[in-house]
Amino acid sequence: MKSFMDEDFLLSCDAAKTLYHQYASNMPIVDYHCHVSPKDIAQNKRFNNITEAWLGGDHYKWRLIRACGVPEKEITGSIQSDPYMVFRHYAKALALSPGNPLYHWSCLELKRYFGIDKQLDLNTCREIYEACSRILQEPDMSVRGLITRSKVQLLCTTDDPSDELQWHAQIARDISFPVKVLPAYRPDKALQIENPGFSAYIKLLGQSAGINIGGFDDLCAALENRADFFAEMGCRAADHAFVRCVCIKAPSGAIDTVFKKALRGEPVTVMEAEQYKTALMTVLARKYSAMGWVMEMHLGSLRGVNTMMTERFGSDMGFDCMGNGGVAEGAAGLLNHLQSEGALPRTVLYSVHPVDSEALVSVAGCFMADAECPGKVQIGSAWWFNDTKAGMEKQIADFAHGAPLGCFIGMLTDSRSFLSYPRHEYFRRILCNYFGSLMTNGEFRPPLESLGPMVQDICYRNAVRYFGFNL
């Protein structure tokens, strides 16, 4: 039996071990998509205890606890009032979860940040809770300390176009913090014309842009105005979430009519909503392309499917799930439309359903002619419910089967937790094991000294070049 999570964890052959230890392990991190709070970074937040740091905003962990039959009031309702009880519930849930990625992630986080190499269960939870909470009070365990000790050079948060980005400005002025913290532009609320709060959001957007938004052209001007502001703050990426891509074209006058209808609070049809989204995505993508931004598209997730709990607690609380797949046709149609309009930026496609991964690789390959950079359109790292050992292995293999894997831009955290950076280590071990296994099995034969730099490119350099980060 192998030792648990030793230095060769997930590395099954000598070639994999060499690639990881000599090339991948010490590469810095560029976290080009995450959901951490820029306010917490600006104010260099300190955590009172491990529950606040670990469970305060992590719906992955909440779902695991819920599945063990714990009442909601003892999960999200008790993080502040009884933090040890919530931690104890998580310890019990984790001990019941072999094969779950949270088991590996949690063990890595305890080991890397707190030096704890014990099984977290009901027998050890009090000891581990007290030890971690005590260590979190050390000077270098603030939010900024956690980021710098994780070897993060740059991270991109996820921000609404109406955001004034005051926390990003404060971070940028502080020369004592060496990590770049950039905004990423996420205009989902402007696209979700069918949502009840759409009209109120458009008013807020107009106030931010200094534009009275009365029609579709005004909306486009406001969003472009905000994109220019984000660019001044260092933004290099925009992000979108769709259940599926759509490409339903309509005359511009019809789009203005639909938009004004929604502004009045009147319901729009599914067809009208899809026509509106196609028109607005065309405008946005053209802007991204002109600015050299990367467009990230997260596809296929069903949001808030437990309506009772979503109405009670809001979004991003762990009540989302996979759709049934089949996003490739819509993605192909939208990308083709953007290409025809001269508006296709560098694009990363993520699907929440594993069935879509291979299909999206084939879609991406259709849009590489005359591309201005390697891997202009590509699939992103294993996302959300695929963010597992098996999911990462499949995503890497699917990418390799349909495109040059050496062009892949690698891992991101997609997390709200400042303790989640060991996910990059997890990915790098799996990546090195993939390459090492090919070599060991006689399926690939470059010398390690040339393969090693390719691994480093995927871990770090490709993302820097692809997004155009200035590091």
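A residue counts as buried when its relative accessible area is under 20%. By this criterion, strand β4 (residues 237-242) of the predicted model is mostly covered, with six of its six residues buried. The cover extends to both faces of the strand. Ala237, Asp239 and Ala241 are buried on one side. Ala238, His240 and Phe242 are buried on the other.

β4 belongs to an open sheet of four strands, ordered β4-β5-β8-β9, with parallel pairing. The edges are taken by β4 and β9 (377-379), each with a single partner strand, so one side of each lacks a neighbour in the sheet. On average, neighbouring strands of this sheet are turned by 20° against each other, direction ignored.

At the β4 edge, the partner is strand β5 (residues 294-299), and the two strands are parallel and joined over six bridges. Within this pair, Ala237 lies opposite Val294 of β5. At the β9 edge, strand β8 (residues 346-351) runs parallel to β9, and three bridges join them. Here Val348 faces Gln378 of β9. Helix α17 (residues 357-365) lies across β8 and β9. Its direction makes an angle of about 170° with β9.

Beyond β4, the chain enters a loop leading to α13 (252-263), and Val243 is located in this loop. Val243 is partly exposed, at a relative accessible area of 45%. Patch residues need over 30% relative accessible area, and Val243 has 45%. Together with Leu302 and Val305, Val243 makes a nonpolar surface patch of about 220 Å².

Notes
Residues numbered from 1 in each chain as written. Predicted model: local features only at pLDDT ≥ 70, side-chain atom pairs only at ≥ 80, totals over all residues. Heavy atoms only, no water. Buried < 20%, exposed > 50% of the residue type's maximum accessible area, 1.4 Å probe, protein only. Pairing = 2+ DSSP bridges. Patch = residues over 30% accessible without salt bridge, like charges linked within 9 Å, V, L, I, M, F, W, Y side chains within 5 Å. Areas by Shrake-Rupley, 256 points an atom, 1.4 Å probe, with all protein chains shown as cover. Salt bridge = Lys/Arg side-chain N within 4 Å of Asp/Glu carboxyl O. Axes fitted to C-alpha atoms, helices over the stretch in contact; angles between N-to-C directions. Contact = heavy atoms within 4.5 Å.
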